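User: I'm new to reading protein models, and I'd like a close look at a single part: the hollow spaces. Could you take me through them slowly?

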Amino acid sequence: MSLKWTIEAIDLLGNPKVNGQDVKEVLVKIGLKDVEVKTVTGPNGKTDFVKVWIPGNEGKRSGGSAPTLGIVGRLGGIGARPERLGLVSDADGGIAAVATAMLLGDMYSKGDILKGDVFISTHICPDAPTQPHDPVPFMGSPIDMAMANKEEITGELDAVLSIDTTRGNRVINHRGFAISPTVKEGWILRVSEDLLSLMSYVTGKMPVVFPITMQDITPYGNDIYHLNSIMQPCTATSAPVVGVALTSEVPVPGCATGATQAMDIDEAVRFSVEVAKYYGEGRVSFYDAAEFDRLISLYGHMRHLQTLGKIK
């Protein structure tokens, strides 16, 4: 049951002394063996990256050919101590990633093994800084985005879901979660019909898509406004990336406490697991490969949008 793991992840990450090793111990106890913890120090402190592999029975890492899905829990930090006590709104991407790893690990240990490999990554920082942002304050991060992308993305991924709290804005007026159009190598592509269907199955409602702009798919560090960091993995991979945004009807600061919505996170977890099942089986597509090739032949590559551009 996914809600059980969501609640356990909230309880685990709500501990002010939690670190990556604590998360690893829980995942190993559930039955996962390939769990790595790496402490990374950045300009504003340190954080623990947790990277988990859930093997598929026809996964590429064991010689199979089933595609590999990456699930990234994007966030600045799970807490803003000592300025704020408790889990912050920004923590939800990390909570969702950990809960997804817990659920897939429990399934694996009981014999429900997916066809493709799944890679899950996030980082654990209970004392991240905050930063000004309009219309509401964001969470900062102890590390910069280049460091995060280096740790959270691997070249083995064939597609990526990026889960991130996305409540600090006025352009999404929906409580729950929403998905983005697919982004690949600087191109914002059409929304995946397959993912829209899975979202409806999970929520029992019409699917919700959140808007992104060209600005949002460029790297942090170019002094350009970004909705938030949800699409940043697309700057570090050639694989197609879809954002899974935890959303609200009103703007909520990333550093706000008491804003964690367990049922919303649970929906994002169930969606991620369903995508992992179907994607590994080749029953879900993130984008139309032929149409993408047609775009390239007509208009050329857009990979320069994955770089910092001509910064002077």
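Analyst: Let's begin with some vocabulary: helices (H or I, at least four residues) and strands (E, at least two) are DSSP runs, numbered from the N terminus. Please also keep in mind that this is a predicted model.

Now to the open spaces. The largest pocket has a volume of about 620 Å³. Its lining is made up of 39 residues, and those closest to the centre of the pocket are Gln131, Met139, Met145, Tyr220 and Ser229. Three elements that each supply at least two residues of this lining are β6 (138–139), α4 (145–152) and β7 (159–165). The largest share comes from α4, which gives 4 residues. If you sort the lining of the largest pocket by class, you find 19 polar, 14 nonpolar and 6 charged residues.

The second largest pocket has a volume of about 150 Å³. You can trace its lining in the structure through Gly31, Leu32, Lys33 and Asp34, then Trp53, Ile54, Pro55 and Gly56, and finally Arg61, Ser62, Tyr108 and Asp117. By class, this lining has 5 nonpolar, 4 charged and 3 polar residues.

Next come the closed spaces. There is 1 cavity of 30 Å³ or more, and the largest cavity has a volume of about 40 Å³. Around that cavity you will find Val23, Leu27, Val50, Val52, Ala97, Val98, Ala101, Ile120, Ser121 and Thr122. Helix α2 (20–30), strand β2 (45–54), helix α3 and strand β4 (118–124) each supply at least two residues of its lining. The classes here are 8 nonpolar and 2 polar, with no charged residues.

Helix α3 is worth following a little further. The axes of α3 (residues 92–110) and α1 (residues 2–13) come within 8 Å and cross at roughly 130°. Because of that angle, α1 counts as oblique to α3. The crossing of the two helices is right-handed. On the α1 side, the contact is made by Ser2, Trp5, Thr6, Glu8, Ala9, Ile10, Leu12 and Leu13, and on the α3 side by Gly94, Ile95, Val98, Ala99, Met102, Leu103 and Asp106. By class, the residues of this contact divide into 10 nonpolar, 3 polar and 2 charged. Here is a nice detail to look for: Val98 lines the largest cavity, and Val98 also takes part in the contact of α3 with α1.

Technical notes: Residues numbered from 1 in each chain as written. Predicted model: local features only at pLDDT ≥ 70, side-chain atom pairs only at ≥ 80, totals over all residues. Heavy atoms only, no water. 1 Å grid on protein atoms, 1.4 Å probe; cavity = no way out; pocket = protein on both sides within 12 Å on 5 of 7 lines; lining within 4 Å. Points joined across faces, edges and corners; volume = space filled by probe spheres on them. Nonpolar A, V, L, I, M, F, W, Y, C, P; charged D, E, K, R; others polar. Axes fitted to C-alpha atoms, helices over the stretch in contact; angles between N-to-C directions. Parallel < 35°, antiparallel > 145°, perpendicular 65-115°, else oblique. Left-handed = near helix turned anticlockwise from the far one by under 90°. Contact = heavy atoms within 4.5 Å.
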